[in-house]
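Let's walk through this model together, starting where two chains meet and moving on to the interior. Please keep the viewer open as you read.

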Amino acid sequence: MKQFSLLLGKELREQARSFKLFWVPLVFIFFGALEPLTYHFLPQILESVGNLPEGAEFMLPEMTGADVYASLTGQYQTIGLLVLVLAFMGSLSGERKSGTGTLLYVRPISYSTYYLSKWTAAVLLAFASLWLGYGMAATYIVQLYETVPGFTDVALFLLVMAAWLIFVVTLTLTASAALPTGGAAGAALGILFIGMMIDSLVGTYWTWSPWKLQGYGLMYLTGSPESGDLAGALGVTALITVLLILFGIRQARKNAAKAKV
Amino acid sequence: MSITEQLAEIPWGLIWPLIAIQLVLMTAALIDLNRKRSTNGPVILWVFIIIFINTIGPVLYFTVGRRHS
Amino acid sequence: MNTVLEVSGLTKQYDGIRAVDDLTFSLGEHTATALIGPNGSGKTTTLSMLAGLLRQTSGTIRFSGEGKDPRSAIGFLPQYPKFFPWMTAIEYMELAAGLSGLEGRSVRSACEKTLGFVGLGDAGKKRIGGFSGGMKQRLGLAQAIVHRPSLLLLDEPVSALDPAGRREVMEMLKELGGSTTILYSTHILNDAEEMTDQLLFLRSGKLIEQGPLREVREKYGGSGYRVLFNNPEAAERFAASAPWAARADGSAVTISGEAVSMEELLRYAGGHPAGITNIGRVSVRLEDIFMKVVERP
């Protein structure tokens, strides 16, 4: 426990001093504000930039608050994931490569404590980013849109999204435990985006997967998801996450020997 | 519509947070760059990327531009 | 004497190459042992295995403190220690001390004291990113000793320092030697000569010579005498006419210490004084032993 708090303190301090603590949430907040604004002012924006013939009218579908959340979620699924993976791809591999890990590995640390301290710090930052980002979006959405989802529905949606982000962060850290930084980023992003492609192709048949979570979560905003499918997807995600953590700890221990001396 | 009218029409109350975030990200990146002065690629290139590419510029700097010593 | 560490048959194999091949030795309590060998002879690999960073292919490493995680009893200083540049020295020391099991209110003062010992007393609150190479080496030593380990493993502890820094760090190590067992690798043999109870010679991963400094020295020539002349010809003549084995090398003549006593040598030199400028006792330098050992087939 003592070691865990020491290492977690080290991770959080590193996040602050490398500015990660600021820029990762800020990117989420930025898109959280941009997305509702863009849709609200889209007609004006198009009018001012486009040289449309006189009298041409836009038939833009009326956006609801739920539509904006869905669109923002789409943004976070690309840029947000990219930012998280890039922010944490070097968590373990970087310490091996630079040799800073060496002086930790020669001390009587347990590798599960080592991995989990990094995991906790990364999950905390991902949660903060997610909630601040959607919080920012919510403050704009309630001001700019007529129909908005209720608070409880948004909270349930965010809980489901949190499970998805835990999966993303775990995958990134385990990749970083197993591979050098570049390979870790490639593997994590590859798995995430290939998973999304597979989901869009055969998702109708494969209803219990981590890639389903954001879709199920969004359903809270317009109605409610099929509870059996949601529970299944959450269960499968939890199982994969635990297995990834265990594998990551093993890899961290095994690859300690590769740390630069 | 004159430029001043157009400017007046912009809902600044809604937009200033976006501008503030841009500036904070840019400033943080430039401070860090100034402190470390070691990047992947020429430093001056990163100064331009940070200043001229909105939002993504500083993020690119923090993720791939920064060299870990 | 108590044994702190016993190594037997230690072997590390990489892709079919034996980087470390069947090492057997032991370290007595509070002794200093120098691990000597040319570059690539397996010194760093050996130390890494002892520090628990690398797993040996075969062989055993036994520490005296049974049961505990041996890493808590070891302090390790790599040749080029790497630190988190965004940390201050005192923050790093507290992390290191805490991870090694130090607890309570005394941690901070122990860290400050250790920083003072290595000469970084004033740099505690500075970021490590701005440290010079010498300062990092000192911090490296500080983090290795802060938890009072019973075994200190040092990989080329002084080779990156300038002569003044080298002298200072050697003095620190000598001071530590009174209470800790030290195993260090080096290729600066003057340093090894100064602070060594035992020598381990490595070549291509094999332990090719070991023993206390005095014994090894005796074995490879021991001590002797050197007579200096003002010209090489005089030296040649002296060596050729001397009644014992004497070797001329330029304008110096070396005579083995076993062949003759100082008194006899002086008496003989008194009879043949041509060109002599200096007579003195010399002991064989570690460097000469090293060359002999390493070049031996």
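Where chain A and chain C touch, 22 residues come from chain A and 26 residues from chain C, with two residues counted as in contact if their C-beta atoms, placed from the backbone, lie within 7 Å. On the chain A side, helix 1 (2–17) and helix 5 (102–105) each supply at least two residues, and helix 1 of chain A gives the largest share, 6 residues. Helices here are DSSP runs of H or I with at least four residues, strands are runs of E with at least two, and both are numbered from the N terminus. By class, the side of chain A that touches chain C has 11 nonpolar, 6 polar and 5 charged residues. In this scheme Ala, Val, Leu, Ile, Met, Phe, Trp, Tyr, Cys and Pro are nonpolar, Asp, Glu, Lys and Arg are charged, and the others, Gly among them, are polar.

Before going further, a word on the ground rules. This is a predicted model, in which local features need pLDDT of at least 70 and side-chain atom pairs count only at pLDDT 80 or more, while totals for chains, interfaces and linings use all residues. Residues are numbered from 1 along each chain as its sequence is written, and chains are lettered from A and ligands numbered from 1 in the order in which they are written.

Now follow chain A. An unreviewed UniProt entry places the feature "transmembrane region" at several spans of chain A, including residues 115–134 and 154–175; UniProt positions are given in the numbering used here, feature names are shortened, and annotations may be inferred rather than shown by experiment. Residues 115–134 of chain A are 100% helix and 0% strand, with end C-alpha atoms 28 Å apart. Residues 154–175 of chain A are also 100% helix and 0% strand, and their end C-alpha atoms lie 31 Å apart.

Chain C is divided into domain 1 (3–218) and domain 2 (222–295), with bounds from an automatic or database domain assignment. The centres of these two domains of chain C, taken over C-alpha atoms, are 39 Å apart. Their contact takes 12 residues from domain 1 of chain C and 9 residues from domain 2 of chain C. The domain 1 side has 7 nonpolar, no polar and 5 charged residues.

What about the interior? A nonpolar core is a set of buried Ala, Val, Leu, Ile, Met, Phe, Trp, Tyr and Cys residues joined through C-beta atoms within 7 Å. A residue is buried if 20 or more other C-beta atoms lie within 10 Å of its own, exposed if 12 or fewer, and partly exposed in between. The largest such core has 148 residues, and C:Tyr92 and C:Leu153 have the most contacts inside it. Helix 7 (residues 151–178) of chain A gives the largest share of this core, 15 residues. Both domains of chain C also give residues to this core, so it lies between them.

Finally, look at the backbone angles. Most residues other than glycine have a negative phi. A:Phe19, however, has a positive phi of about 70°; A:Phe19 lies in the loop between helix 1 and helix 2 (20–49) of chain A. C:Asp15 also has a positive phi, near 45°, and lies in the loop between strand 1 (3–14) and strand 2 (17–28) of chain C. C:Asp15 counts as exposed because it has 5 C-beta neighbours inside 10 Å.
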